[in-house]
Amino acid sequence: MFNSSILSTFQDQETPFYYYDLALLQETLDVCKQAADRYNFHVHYAMKANFNQKVVEKIKDAGFGADCVSGNEVKQAIEIGFAKDKVVFAGVGKSDREINEALENDIFCFNVESVQELGVINELAAAAGKNAGIALRINPNVDAHTHHNITTGLEENKFGINHWELHDCVEALKELPNITLIGIHFHIGSQITNLSVFKSLCVKVNEIHRWFEERGHSIKILNVGGGLGIDYHQPDEKPVADFEEYFRIFDQFLERKAGQEVHFELGRALVAHSGTLISRVLYVKNGIKKHFLVLDAGMTELMRPALYQAYHKIENISRVEGDVVKYDIVGPICESTDCFGKEVEMPQSFRGDMIAIRSAGAYGEVMASKYNLRDQVKSVYSK
Ligand SMILES: *Cc1c(COP(=O)(O)O)cnc(C)c1O
């Protein structure tokens, strides 16, 4: 992936920085869009995965909508040019100010996570003289079989409305004239690589969908969330996720009525592989049992390994040959969890070598922090 012409453009750059391969991003978007269009499925991009302006502009230009989880994401989506009727606002703790701003902007839909929130949105919509479209985020109690810190669809998670609360929701809706139920929404977790999980989700959605229909609520939108995973171990062999199979499963197992729309909210699978964190080796520390490469990037630039023991492929892109050594690859931050990988095999490495931490385009730059009063991480783009 990093041929000599790309490497030469890196040479004069101060590290660390995020490198975005915009051609790979475009290819990923095209494959996803085509696969979704085949079934007339709608995809909203989950902006929290990466709100880098250039990245988001490309996604907007490719025809995706925006799935936002804060008022500022809603604002940025609209500033970047997403049509208001393609902007969705989700999140378990929307503040009054955020709800008011979204109402002012006439966004398409609020994904609502509790009975209490229904009342609050209704009240604020009434005060603003508006009617808000809402979808109920329902916790389907489906295990995503992913890391426990990124599972969201179990009863023990804070997200969504549980099935035993649905009756109360439906009763509450009758008394709330300034909101309109347009959809039901589900999101069970992230980095899901076992696609049979999505089949289980469809079975649950069908069940809950029938429950609404039986009670006379016609549901216009079935929103099945995101969560499609990528192969962090093989960024070069599998640079684009299997969107075809993913959408095919929903086409096969999700029951739909005429005129009903199916919405998806993909984040990671659209952007992860096109981003790489590029860093330089500051120091090589050789211990008795361990060898460390101390990088100029740390958990302040890419938090996933420290936050949920995430794996990223790490390569020395300055050296293709040399005796293989096992290194712990660590950052400069004063935390023991500031470690990108343990016992990583790579050619013997030296101060100044460039290190690529792959597949960092999702939940990378967006989670950067100022801890240790670090500089804001920069971005570099391919042509
Ligand atoms: C984070 C999130 C997504 C996107 O998840 P990915 O795993 O990045 O696809 C979609 N919907 C909701 C509600 C989310 O919170």
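Select the ligand in this predicted model, then the residues around it: 14 residues form its surroundings. The closest are Lys-48, Ser-190, Glu-265, Arg-268 and Tyr-363. Colour this shell by residue class and it splits into three nonpolar, six polar and five charged residues.

Next, show the side chain of Lys-48. One of its polar atoms sits 2.7 Å from an oxygen atom of the ligand. Move to Glu-265, where a side-chain N or O atom is 2.6 Å from a ligand nitrogen. Then pick His-187: an N or O atom of its side chain lies 3.5 Å from a nitrogen atom of the ligand. Switch on the surface at this point; the protein covers 94% of the 390 Å² of accessible area that the ligand has on its own.

Now zoom out and colour by domain. Domain 1 takes in residues 4-17 together with 273-381, and domain 2 runs over 23-270. Domain 1 is thus selected as two segments of the chain. Place a marker at the C-alpha centre of each domain, and the two markers stand 33 Å apart.

Select the boundary between the domains. On the domain 1 side, 20 residues are in contact with 21 residues of domain 2. Together the two domains bury about 2,000 Å² between them, and carbon and sulfur atoms account for 54% of that area. Which three residues should be highlighted on the domain 1 side, as those that supply more of its buried area than any other three? They are His-273, Tyr-363 and Val-366, which supply 36% of the area that domain 1 buries against domain 2. Tyr-363 has been on screen before, as one of the closest residues to the ligand.

Stay at the boundary and look for polar pairs. Between domain 1 and domain 2 there are eight residue pairs in polar contact. The count of salt bridges between the domains is one. To see a salt bridge, select Arg-358 and Asp-236: their side chains meet with 2.9 Å from N to O. By the domain bounds, Arg-358 falls in domain 1 and Asp-236 in domain 2.

To finish, show the ligand shell and both domains together. Lys-48, Ser-190, Glu-265 and Arg-268 carry the colour of domain 2, while Tyr-363 carries that of domain 1.

Key: Residues numbered from 1 in each chain as written. Predicted model: local features only at pLDDT ≥ 70, side-chain atom pairs only at ≥ 80, totals over all residues. Heavy atoms only, no water. Near = heavy atom within 4 Å. Polar contact = N/O pair within 3.5 Å; in protein donor to acceptor, adjacent residues only side chain to side chain. Areas by Shrake-Rupley, 256 points an atom, 1.4 Å probe, with all protein chains shown as cover. Nonpolar A, V, L, I, M, F, W, Y, C, P; charged D, E, K, R; others polar. Domains from an automatic or database assignment. Contact = heavy atoms within 4.5 Å. Buried area = accessible area lost by both parts, 1.4 Å probe. Salt bridge = Lys/Arg side-chain N within 4 Å of Asp/Glu carboxyl O.
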